Amino acid sequence: MRVLSLGRWLRAGRVPPREPASRPSGHRHSGHRPQGPPQELPQGPSQVPPQQKVSVEVLEHLEHLALVDFRDSEGVERLQKAIQFADQLHEVNTDGVEPMDSVLEDRCLYLREDDVTEGNCTKELLENARETVEEYFVAPPGNIPLVKLEGQKTFLQGSK
Amino acid sequence: MVARGCGGVWRRLRQRCAVRPGSGPFPRGERAVACNARGGMMSAGKSGLTPWIPVVGLEIHAQISSNSKLFSGSQVQFAAPPNSLVSFFDASLPGTLPVLNRRCVEAAVMTGLALNCHINKKSLFDRKHYFYADLPAGYQITQQRVPIAVNGSLSYSLCIDNKMSQMVTKTVRIKQIQLEQDSGKSLHDDARSQTLVDLNRAGVGLMELVMEPDMCCGEEAAAAVRELQLILQTLGSSQAVMAEGQLRVDANVSVHHPGEPYGVRTEVKNINSIRFLAKAVDYEIQRQIEELGNGGTISNETRAFDSKLGCTVPMRDKEGKQDYRFMPEPNLPPLILYDAKSLPANMNHQQVINIDWIRERLPDLPSVKREKLVEQYGILPEHSFTLLNEDGLPEFFENVVKQTQMKPKKVIGWILNDLLSYLKQHSLTVKESPVSSFLLADLLNLLEKKEISSTAAKQVMAIKAGNQKVLNKLIGLVQKKTQGRSNPVLVKQLLEKKLSE
């Protein structure tokens with residue numbers, strides 16, 4: 001993830017350069033670098049790219065994928081603010097900087113010997129479950145698709 | 001408790017196939033596929049229409065043969081009381097972290113080397129997100145961005161026109177091999193509208209092998225998988241027993257006209273044996289050809305193979321394309337492998353995996369073993385294939401050859417025709433053979449010295465192998481000799497005692 005390049009600057013003890021945002025914002029999907037007209041030099045300490053509303057389709061897609069419910073305008077607003085907050089990372093010029101894999105990338109990956117050291121705690125594990133049948137966990141049948149009920153619009157649909 | 005394995009709306013729900021057995025794209029008895037070593041094109045028959053080219057690609061999951069799981073210390077075992085081989089990490093309890101099993105990495109490197117892959121000295125782990133009851137974390141740890149091995153090849157052999165004497169070698173490219181976690185098992189209890197989840201399998205190490213779509217029919221797919229199975233078993237990286245779910249194959253099938261772009265592909269799952277793999281692929285190819293021939297279209301769907309009906313049925317379609325939201329696994333640094341040149345000077349041996357060290361210790365692969373057998377004993381190539389196809393048979397053959405004066409070229413006939421056919425008839429493995437290599441060598445020596453005839457030798461083998469009819473015949477002969485004065489029961493006992501020596 002390109003955004004983690006910020007870590008390198010911080011570790012080097014330097015302040016991220018306040019350069020003109022070479023990547024004006026848009027709604028950012030992973031890996032996508034939206035192109036746009038060059039901007040003027042920033043006025044204040046945080047020249048954040050202009051806010052862009054998140055489309056209803058995207059919100060519905062997110063609700064489906066992550067099984068969250070944005071519920072009301074406050075929830076959607078919070079999401080917008082979160083995106084805006086993350087967009088500040090665009091201020092950093094990462095041209096020519098190799099993206100990090102993770103903040104652990106310089107650590108050694110520990111290799112464990114192939115010995116059996118765990119397991120046999122069925123009782124403990126099942127204690128957490130609300131319902132069990134003969135030492136099996138019980139779950140609802142399969143994945144039930146999100147049903148779009150006829151007369152009852154979701155908040156998002158109502159706000160279209 | 002009424003339960004059936006493998007169902008569920010999201011991934012595995014099946015509708016009943018409406019096709020009666022025997023009807024459908026190709027009725028029983030017709031040779032299913034015209035595709036063979038000649039080039040893979042299927043003629044459309046006498047009508048003279050443009051031929052179809054079938055394209056088959058395989059995705060194979062091989063369970064790694066190890067004592068413990070990929071990221072935890074719980075045991076790997078096929079049958080065990082539900083949820084008894086589950087650690088806190090496998091159950092995805094908060095605060096637990098993955099710890100990589102060294103043996104699983106070695107197994108993947110061995111397999112990559114055996115399949116002529118480039119081993120990535122630095123590979124990465126990612127999370128693949130989706131919701132299902134047998135995936136408690138809500139994601140699977142896999143290697144999507146940079147897998148451990150890439151760009152390999154698998155060579156396999158086919159008989160042309162069902163004649164073993166004409167074999168041709170084909171190659172399928174391996175796109176990549178990646179390490180990933182297995183999921184738990186779901187048992188669907190439709191009666192009570194619930195799913196029962198057993199996490200014993202959750203977290204077991206898998207090698208996913210992705211093959212390029214270089215194959216054109218069921219026969220090729222089956223031969224390739226059979227050879228892969230033998231390689232994995234020789235390496236010991238996986239026991240690759242399909243019946244126990246240690247080797248799972250999904251087939252991607254499409255058809256197109258020559259010169260045109262590839263057609264829409266379908267994915268066929270629920271294939272439980274190599275035989276069914278060939279059937280499923282051939283059925284799907286024919287189904288697609290018929291559908292397109294009738295002016296229909298093929299949708300990019302997942303289908304399940306119904307072994308009883310011999311057809312593929314649509315699985316309930318997932319809603320649109322899955323978005324797995326891949327992200328780097330934040331709890332695991334990159335996996336670094338070394339070779340002789342890059343070996344770090346002062347690092348703990350246990351923490352270092354040396355690709356060259358592993359390469360030097362690779363056992364002879366099946367293809368090499370076959371060549372050696374042909375060269376050393378002068379047997380035919382097709383004999384070597386049949387030999388290696390049976391676990392323990394090459395060793396049995398070599399033991400007999402050592403102990404007999406009969407030429408190996410003659411011995412092989414006894415092994416493959418007499419011994420093997422008997423074992424197959426009685427569903428015995430070589431290890432379970434009532435005729436030992438010592439005994440067979442003895443018998444063949446008698447034959448060589450012309451002390452017994454070939455027919456007699458066959459009879460003795462049959463008796464030793466427990467053929468009751470022949471035993472009775474012997475009793476009859478004894479009776480004749482003793483002019484009916486011997487006690488048949490006693491004779492039988494004496495004979496059986498003698499034969500068991």
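Two strands pair if DSSP finds at least two bridges between them. Strands (E, at least two residues) and helices (H or I, at least four) are DSSP runs, numbered from the N terminus. With that in hand, R127(B) stands opposite I141(B) in β7(B).

This is a predicted model: local features need pLDDT of at least 70, side-chain atom pairs count only at pLDDT 80 or more, and totals for chains, interfaces and linings use all residues. Residues are numbered from 1 along each chain as its sequence is written, chains are lettered from A and ligands numbered from 1 in the order in which they are written, and side-chain values use heavy atoms, with hydrogens and water left out.

**Strand pairing**

In chain B, 3 strands form an open sheet in the order β7-β6-β17, and the pairing is antiparallel. Its edge strands are β7 (139-142) and β17 (327-328) of chain B, each of which pairs on one side only. Strand pairing also crosses from chain A to chain B: L111(A) stands opposite L100(B) in β3(B).

| Strand | Partner | Bridges | Direction |
|---|---|---|---|
| β6(B), residues 126-129 | β7(B) | 4 bridges | antiparallel |
| β1(A) | β3(B), residues 100-101 | 2 bridges | parallel |

**The interface**

Chain A brings 43 residues to the contact and chain B brings 58 (contact: heavy atoms within 4.5 Å). About 4300 Å² is buried between chain A and chain B, and carbon and sulfur atoms give 59% of it. Buried area here is the accessible area (1.4 Å probe) that two parts lose on being put together, summed over both. L109(A), L111(A) and R112(A) supply 17% of the area that chain A buries against chain B, more than any other three residues.

Four elements of chain A each supply at least two residues of the side that touches chain B: α2 (56-66), β1 (111-112), α4 (122-127) and β3 (136-139). By class, that side of chain A has 22 nonpolar, 9 polar and 12 charged residues. Ala, Val, Leu, Ile, Met, Phe, Trp, Tyr, Cys and Pro count as nonpolar, Asp, Glu, Lys and Arg as charged, and the others, Gly among them, as polar.

The count between chain A and chain B is 0 salt bridges (a side-chain nitrogen of Lys or Arg within 4 Å of a carboxyl oxygen of Asp or Glu).

**Chain B overall**

Chain B has 12 helices and 18 strands. Of its 501 residues, 50% count as buried (under 20% relative accessible area, 1.4 Å probe, protein chains only). Among contacts in chain B between residues at least 6 apart in sequence, 68% join residues at least 24 apart.
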